[in-house]
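Please find below a short set of comments on the structure under review. The points are numbered for ease of reply.

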Amino acid sequence: MTSTNSPMRNVLLALSAASMVGVLYLVFLYAPTDKNLGISQRIFYFHVSMAWVGFFAFFWVLVGSVGYLWKRSQKMDRLAYASAEIGVVFTTLMLITGVLWAKPSWGIWWTWDPKLTTSLILWLIYVAYLMLRAYSPRGDQGARFGAILGIVGFFDIPIIYLSVVWWRTVHPNVVGTGAEGGLEPEMRTALMACTVAFTLLFAYLLTDRLSLRRSEEEFESMRSVASLV
Amino acid sequence: MKATLTRTLIALIVLSAVVLALDADSALAQQATPEQTAESQGSDPEANLPYLFAAYSVTWIGFFVYAYYLSQRNRALRREVEALREALGEREQRGGG
């Protein structure tokens, strides 16, 4: 009943490991060094990819939460919970790498810039989601509270994305078009490959966490049956 | 245990916010543009290598810690299942005897 290795999970692990080796080649040997930011610009590939995968994970929280409220399906709640946990891991690492990139680029570790602040708020919302799930009662009530927070929290993502358009910000619009957002083709290739590699890692972690969550739920129900016997 | 963890997490968040706010306030005035950064780096293209090293190290350590947490949780769950089975077996034996 505990989580075991399925062939699909092994394939995902092998694919993400192999793609990470390719990514390291692209990031360090293929992509050119940025003229203005120097060698520290290479942090960008991991930073942006982890941000993207974090948002992708929170999209699955939204899907799982809506699905749970609509169908009351345990599978959907499991998907929301597992995605939220992995999303928090990716967002935490995105914030830390952002801080480490800000210091050599801007001369400061942190600034209350709209994009940075809304990203920090996103992280706090999903940390709150995990805390809510840990402290609320097991079963429908906890899952319902979590689903509502999971849906509301997702609305921060378009705000983060559009913050560079709505407000004055020091954060570059690196993935857009135009003079500020233009990337050299080699840099764009490295960024795309990095995003694919991290998405594969996310898929692997998600299958692993889903399986563990299912085992935890089965164990809980087994324990409550045992207490009744 | 959970309460201690929560209190520690909240304290860390508040402390980080205060430190970051103080650091940002004092440094905002002397914030460097990318061009100034490039100038200050001058002829040494590897000036920021420690930041690059730190960012990649933190990323991999983060993922390994999370993978380790998952495997430990899995192992603990397996132990709990075994203990529950044993307890149930003993109860059945007592009930039968």
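**Comments on the predicted model**

1. In this predicted model, helix α3 of chain A covers residues 74-106, which is 33 residues. At 1.5 Å a residue, α3(A) should span 48 Å, and its end C-alpha atoms lie 46 Å apart, so the two values agree.

2. Is α3(A) mostly covered or mostly uncovered? Of its 33 residues, 28 are buried, and the helix is thus mostly covered. Just after α3(A) comes A:G107, whose phi is positive, at about 85 degrees.

3. A second matter is the pairing of helix α4 (residues 114-135) with helix α6 (residues 156-166), both of chain A. Their axes come within 8 Å and cross at roughly 170 degrees. Because angles over 145 degrees count as roughly antiparallel, α4(A) and α6(A) are therefore roughly antiparallel to each other.

4. Which residues form this contact? From α4(A) they are A:P114, A:K115, A:T118, A:S119, A:I121, A:L122 and A:I125, and these meet A:D156, A:I157, A:I159, A:I160, A:S163 and A:V164 of α6(A). By class, the residues of the contact comprise eight nonpolar, three polar and two charged. As a reminder, an α-helix has 3.6 residues a turn, so residues three or four places apart point the same way.

5. Chain B has three helices and zero strands, and its elements run α-α-α from the N terminus on. Of the 97 residues in chain B, 6% are buried.

Definitions and conventions
Residues numbered from 1 in each chain as written. Chains lettered and ligands numbered in written order. Predicted model: local features only at pLDDT ≥ 70, side-chain atom pairs only at ≥ 80, totals over all residues. Helix = DSSP H or I, 4+ residues; strand = E, 2+ residues; numbered from the N terminus. Expected span 1.5 Å × (residues − 1). Buried ≥ 20, exposed ≤ 12 C-beta atoms within 10 Å, placed from the backbone. Axes fitted to C-alpha atoms, helices over the stretch in contact; angles between N-to-C directions. Parallel < 35°, antiparallel > 145°, perpendicular 65-115°, else oblique. Contact = placed C-beta atoms within 7 Å. Nonpolar A, V, L, I, M, F, W, Y, C, P; charged D, E, K, R; others polar.
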